[in-house]
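Student: I have a structure open on my screen and would like to learn how to read it. Could you walk me through it?

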Amino acid sequence: MTDLRDAHCHFFSAGFFRALGREAGTTGDSAEQLPHTLGWEAPGSDADLADRWIRELDRGGVSEAMIIASTPGDEASVGAAIEHAPSRLVGAFMVNPGSVDAPARVAQAFESGLRTACLFPAMHHVAVDDPRSIAVFDLASRHRRAVFVHCGVLSIGVRRRLNLPSRFDLRLGDPLAVAAVASRYADVPVVIPHFGAGLFREALMAVQAAPNVLLDTSSSNRWTALHPGLTLREVFARALDCAGPERLLFGTDSSFFPRGWQRGVYEEQRAVLVDLGADASAQAAIFGGNFQRVFRG
């Protein structure tokens with residue numbers, strides 16, 4: 001097994017599809033019907049989906065992956081997957097800090113072994129520096145856990161395909177606000193995914209302002225189209241210059257099956273780093289070492 005570790009994968013569980021089904025008004029079992037509508041594999045039980053992920057990681061030569069419960073309230077699904085494969089999967093969960101029960105759910109999730117709370121300010125209309133979001137950072141500090149904050153462009157493909165509304169307030173996904181809060185919680189690793197997803201300059205400013213902020217490299221990074229002339233090579237070059245390899249976390253944003261783990265994302269990013277002359281130690285940190293330090297340390 002290699003030292004390749006993926007810090008950004010989505011766990012599209014039966015609970016995830018049933019939550020979407022409630023929004024869509026689907027009758028019957030949405031965990032079967034919605035995947036069929038989308039042309040995807042049904043997830044089966046949480047243990048079944050964990051096993052599907054393990055087979056996919058084995059096929060890709062991936063030692064570990066962080067899987068994200070991708071709807072608020074679905075922590076138990078990822079918890080069950082982690083219990084099923086504790087040496088291969090690390091658990092993260094989406095939290096809506098505006099929910100009345102959010103503090104209790106976050107505390108329970110951390111106590112059960114999940115490692116990262118994921119905030120989506122634009123989706124849930126709760127700013128990063130809102131006291132309700134601050135409560136998540138407080139709990140992460142208390143439990144020695146990480147916080148992930150989605151910034152910039154936010155587009156949920158599965159919602160779009162199911163014609164579900166996406167009433168996002170992109171003004172709330174500002175990396176500078178993340179830096180302001182992160183600087184108050186120096187013991188909490190704070191991850192901004194997708195290099196800031198369009199707010200790249202601000203994401204670089206955030207890593208310079210707060211040494212506990214990391215950037216994840218996940219997805220196709222199509223947000224670069226918002227910056228004329230900006231290439232993925234230039235993104236990595238600037239990120240390495242501002243953050244250093246020790247604060248970059250490799251990720252793919254893999255999610256549904258049968259598409260599975262996105263090897264093409266890995267191959268493109270590896271090729272970029274080779275072209276930039278990143279040495280073996282830098283590549284080892286980005287593709288696995290930082291994952292170990294942040295989520296297994």
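Tutor: We will take the core, the cysteines and some backbone details in turn. Keep in mind that this is a predicted model.

Student: Let's start inside. Which residues touch the most other members of the largest nonpolar core?

Tutor: A nonpolar core is a set of buried residues such as Leu, Val and Phe, joined through side-chain atoms within 4.5 Å. Here the largest one has 72 residues, and those touching the most other members are Leu89, Phe93, Phe137, Val149 and Phe195. Helix 11, residues 232-243, gives the most to this core, with six residues.

Student: What is Phe93 in contact with, beyond its neighbours within four places in sequence?

Tutor: The list includes Ala69, Val106, Phe110 and Leu114. Phe93 also contacts Glu75, Thr116 and Cys118. There is a second, separate core as well, with 18 residues, among them Met66, Ala146, Leu214 and Val294.

Student: Now the cysteines. How many disulfides does a search of the whole structure find?

Tutor: Zero. To read this, look at the sulfur atoms: a pair must lie within 2.5 Å to count as a disulfide.

Student: Why is there no bond for Cys9?

Tutor: Because the closest cysteine sulfur, in Cys118, is 12 Å from the sulfur of Cys9, which is too far for a bond. Cys9 is buried, at 0% relative accessibility.

Student: And where is the closest cysteine sulfur to that of Cys242?

Tutor: In Cys151, 16 Å from the sulfur of Cys242, so that is too far for a bond too. Cys242 is partly exposed, with a relative accessible area of 21%.

Student: What should I look for in the backbone?

Tutor: Most peptide bonds are trans, and most residues other than glycine have a negative phi. Exceptions to either pattern are good places to pause.

Student: Which residues does a cis peptide bond join?

Tutor: Phe257 and Pro258, with omega about 20°. You will find Pro258 in the loop between strand 8 (248-249) and helix 12 (263-276).

Student: Which residue between strand 6 and helix 10 should I check for phi?

Tutor: Try Ala197, in the loop between strand 6 (190-192) and helix 10 (200-209). Its phi is near 50°, a positive value in a residue other than glycine. Ala197 counts as buried, at 4% relative accessibility.

Student: Is Asn221 buried or exposed?

Tutor: Buried, with a relative accessible area of 2%. Asn221 has a positive phi, near 55°, and lies in the loop between strand 7 (213-216) and helix 11.

Conventions
Residues are numbered from 1 along each chain as its sequence is written. This is a predicted model: local features need pLDDT of at least 70, side-chain atom pairs count only at pLDDT 80 or more; totals for chains, interfaces and linings use all residues. Side-chain values use heavy atoms; hydrogens and water are left out. Buried means under 20% relative accessible area, exposed over 50%, partly exposed in between (1.4 Å probe, protein chains only). Helices (H or I, at least four residues) and strands (E, at least two) are DSSP runs, numbered from the N terminus. Contact means heavy atoms within 4.5 Å.
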